[in-house]
Amino acid sequence: MNPFLRPLKILIAVCLIVGLFPNHSLSGTSMTVTEDPIASFSSVALGGGRAVCYWIPDSSDSPNSLRRSEYQPEREKWSSPQTVEGDFATILGMNVIARESIDEIWMISVEGESDGLSKLTLRRSENNGLTWSESEPLKEISGKTRLGSVIEVADGGIAIGIAVDDGKETKQLHVIQYTDNVTGSLQLLVEKQVSEPILIQSVDSEIFAYFTYGENPRRYFRKSFAPGYSEWDLGMVNLPSAITNDVARRTADLIPLPDGRVVALCNDNVLRTGELSFRVSHDGGRTWPERRIIDSDAPEAKPRLILEDNGGYHAFYLKEGRLQHLRFDDNWALAHTRLETEPMLANVVPSLDSEEYVTTRGKPELPIEDKPFWVHVRVEAGESDWDEVAKPGIPTDLERIDPTITTPRVNQKDLEWVGTEDGLYMRSNGDGPFERYPTYGFEGPLSNHISGLAVDSRDVLWVATPAGLSSRNPAGEWSLYRGREGLPWENLTCIAIDPRDRLWLGSTRGLIQFRPYHEGRQWFYRAGERFLPGDHVFEVAIADKGKSVLSRTDQGVGRIDEVKKTLYEKAEYLEERYNDRHRRLGLASLARYTDESLGEWEHGSQASDGLWTSYHVTAMSLAYSLTQEDRYRKSAEESMEALYLLQNITGIKGLVARTMAEVGTPAADAAKGADNWHAAPDPRYIWRDDVSSDQIDGHYMAFYSYYEHIAQFDPEEREKIEKQIRQVTDYILDHNYQIIDWDGERTLWGWWNPELLNEEPNAHIEAGLYSLMMISFLKVAYTITDDSKYLDHVQKLIQEHGYLSNLLLQKKLFPNELNHSDDQLSAVAFYPIMQLEYNPTIRDAIRSAARHHAVIEEPERNSLFALVYASMEPQFADVEGALQTLREFPVDRRNYGTLNSHRADVILDPRASRRGQPLLIEVLPYDEHYFERWNQDPYRADNPGDGLTEGSGEHYLLPYWLARYHGVLTEPTER
């Protein structure tokens, strides 16, 4: 090296470090702007890294004084404070903005009250605030007015947010728009006690007002206003406010960035209320996954954040009454979340920008409306119900028809038809004798044994036979319907048509509805005890103007009603049922009925109680966050407390129980004598060992969702969840990413360590899923605790052990291997990290892996996976398929036996399942087979069951509330 270059390089490096070059002077070191105690302050950016700050001293000696200091980036210093010229009245609050469009600085202020009125005024400056014009009155407002933020809006004017107390227990939040010297009217947003609103305008010109409620001051809410609309829509954002009492006040400042992100400077930790942090939102200011602590001891910061023209930030806040300034950029703020080096990715996976798995078919416009739809529900019926229904009779007075008549007589325009045991008979215009129709099997009915006849409103004749269904249109053309056309079972026994031209076909193996003129699904197979008392149907009749169908079967009279439902109504029913019948120690539990009256039931333990309960925690946390209905919060809390009990019941700090039971209950009695059950330190309980990755996966999804939507806004809940996740995570880390059971041995499936995932051939199939799990677990732990040691483990696993490459191959598909348990476990692991990870490389890997997996899942219409994936890439997710599955899920969750391997419309896979069961090539509609949870195989043809065990419904609640919360499904449009 040239000896003269080395000192020069050192000098340049030193200059860069100390900030002698203005373009590199951003740092993380705060400085004091002024020693004056501050009453209120505001600031603006002047360009080139310069900023100016204005403040009113908290001093009785100068109540009308306005002071100013300017930041000089080349010196990294603030100028000496100077008193600003101008005639200032008593200012109760102010906000200063730079009007770039007119090269002025404006000051909006609230001046002293008199006669119960507050004055909102405007002053202008053309010399960076050295001198100011006389005040211009903008508005007189009745009541005490607290000034929020002021922003320049797209139309060239400004918007002013204020909170007003009129002295009559009415608290109001307003926005005033001011354009071209015309002050707009007060636009009322909220009539409750609220903080001073923070206003931002999104890249598409939508205005948002953020504020805290007196009723719920620890979290921010927002109202949005879109140009062209006069209504403000209330919403919730997961931005916490570190308030220790019930007084709503502003604790944050927000800035929208040109790239669509929103950044915040805020006191936002209810457990450590002194923390001031910088947060980043990637979804327009709704959630805030990235965070850096700016100051750990600034509890009354009253923060303000302004944006430089080069993309850096000026942060201002109060600390012990003194005004502090910090200048930084994204690189400094988010350095701790970035990878130290870019990982080497295996070359056996597609590149991260690959479009290989992008679905190009048309997608519905999102969000999809939750419109009412019809579902079939079995209703108990008897002979009296059958007798009351009008039914066409079989004629007995027809001459010259020798075979036994089997159907009513029907008319098709000028033709008259009747069916017999040996053919179809017809005559024209009601004249002369009936003649046997000559052709069968092609240009005629499929069989000469006619079991049913009906004519619809379009004058189409429908003919049911033991060989299938036939139809003849008015032009005399015949069509045939057998298995390959979609007819589930071909041996038909009877037929009826409702007023909407929908056919109900009785058969020897169930009841079939056919909608020949309907777009979309046309065939509905209704067999088994979910729909019928017996599967051999002899007669069928339409009732209630087509809303009901009655049938006579070999086991008595059956009735199916068509009932209108919305997805929301299903969710409400299942949540009510869950709380009424499906909690065992707070855990999600199947109900085993003691008899068919369904009046009494018992609860048993399940190997994955914790996993299913985590579904419910997440569903109810999302529901509460979206609706703010306290019943959802209470429901989530009860389920989360059950998970905490599982985490603590073993008496070994950090070792989670697989499940548990209360002594003296049927669940505990069933475990007697089993060597995998143990007495708990608390004598009321016993617990089951050998916890697996499945249950831990669920615990971390619950940790994330409960924290994100509930716990972070409540000091007691936050302290509890931080303690719990620390002990569970540390136990795993202390044992080399493994779960060591009570006996000192590793549990069968409790391992995520590199030695097994990367070096053990038998663990190859799990390497991708388990790598995904562990990275997700650690990210959740870091989010809740702010402890960087968990990020250090992420760095280590990605950069030293290839976990990101493993993750990219998360879904391994072999000819004879389709593990639906792993599919649902991957969805559970994907969900938290999709919301939390914004490192570009890691997020691209997650996106690529999830997209690949989603394409494989698409033929199954897996609601859970599709809607988890939709939280990241809704434009590529099969949202409509997922919602169609939810529409098909019966709300009656009993385990009715279902048989489908006999059907004429299905094809069986020549390979059996990994458990040796017959499989279908295509998944049937979900109301035609029994499917309780997402770890079950939807291709399974037959499912045993007696209808006496009822599922708990959380498998529906989770995808439903995912769809609602992430905006791909609306609330019900009709009820």
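Let's start with Arg592, whose bridge partner in strand 54 is Thr949. This is a predicted model, by the way, so please keep that in mind throughout. Arg592 and Thr949 belong to a pairing in which strand 46, residues 591-593, and strand 54, residues 943-950, run antiparallel and are joined by two bridges. If you zoom out a little, you'll see an open sheet of four strands, in the order 47-46-54-53, with antiparallel pairing. At the edges sit strand 47, covering 601-602, and strand 53, covering 894-898, and each of these pairs on one side only. And what packs on this sheet? Helix 4, residues 567-581, which touches strand 46, strand 47 and strand 54. The direction of helix 4 makes about 75° with that of strand 46.

While we're here, have a look at the loop between strand 46 and strand 47, because that's where you find Leu598. Its phi is near 65°, a positive value in a residue other than glycine. Is Leu598 buried or exposed? Its relative accessible area is 15%, and the cut-off for buried is under 20%, so Leu598 is buried.

Asp544 makes a nice companion to that one. Its phi is positive as well, near 50°, and again the residue is not a glycine. You'll find Asp544 in the loop between strand 41, 537-543, and strand 42, 548-553. With 45% relative accessibility, Asp544 counts as partly exposed.

One more backbone item for the list: the peptide bond joining Leu366 and Pro367 is cis, with omega about 0°. Pro367 is in the loop between helix 2, 330-333, and strand 27, 368-370.

Now let's go inside. The largest nonpolar core has 146 residues, and the members that touch the most others are Phe703, Trp752 and Trp961. Which helix gives the most to this core? That's helix 11, residues 767-785, with 13 residues. Then there is a second, separate core of 18 residues, and Ile255, Ala315, Ala333 and Leu334 are among its members.

Let me stay with Trp961 for a moment. Setting aside its neighbours within four places in sequence, Trp961 is in contact with a set of residues that includes Tyr568, Ala571, Met620, Leu626 and Tyr632.

Phe703 falls in the residue range of helix 8, 693-709, and here's a quick sanity check on that helix. It has 17 residues, and at 1.5 Å a residue they should span 24 Å; the end C-alpha atoms are 24 Å apart, so the two agree. Helix 8 is also mostly covered, with 17 of its 17 residues buried.

On to charges, which I know some of you have been waiting for. Side chains of opposite charge can pair when their charged atoms come close. In this model, the count comes to 71 salt bridges. I'll walk you through three pairs and then a network.

In the first pair, Glu152 meets Arg99, with the closest N and O atoms 3.0 Å apart. Glu152 is in strand 11, residues 144-152, and Arg99 in strand 7, residues 91-99, so we're linking distant parts of the chain, 53 residues apart. Glu152 is partly exposed, with a relative accessible area of 28%, whereas Arg99 counts as buried at 3% relative accessibility.

In the second pair, Arg261 and Asp330 meet at 2.6 Å, N to O. Arg261 is in the loop between strand 20, 252-256, and strand 21, 262-267, while Asp330 is in helix 2, and the two are 69 residues apart. Arg261 counts as buried, at 15% relative accessibility.

The third pair is Arg526 with Asp927, whose closest N and O atoms are 3.1 Å apart. Arg526 lies in strand 40, residues 523-526, and Asp927 in the loop between strand 53 and strand 54, so this salt bridge ties together parts that are 401 residues apart in sequence. Both Arg526 and Asp927 are buried.

And finally, the network. Salt bridges link Asp268, Arg272, Glu275, Arg279, Arg291, Arg718, Glu722, Arg726, Asp786 and Asp787.

That's my tour, and I'm happy to take questions.

How values were computed: Residues numbered from 1 in each chain as written. Predicted model: local features only at pLDDT ≥ 70, side-chain atom pairs only at ≥ 80, totals over all residues. Heavy atoms only, no water. Pairing = 2+ DSSP bridges. Contact = heavy atoms within 4.5 Å. Axes fitted to C-alpha atoms, helices over the stretch in contact; angles between N-to-C directions. Expected span 1.5 Å × (residues − 1). Buried < 20%, exposed > 50% of the residue type's maximum accessible area, 1.4 Å probe, protein only. Core = buried A, V, L, I, M, F, W, Y, C linked by side-chain atoms within 4.5 Å. Salt bridge = Lys/Arg side-chain N within 4 Å of Asp/Glu carboxyl O.
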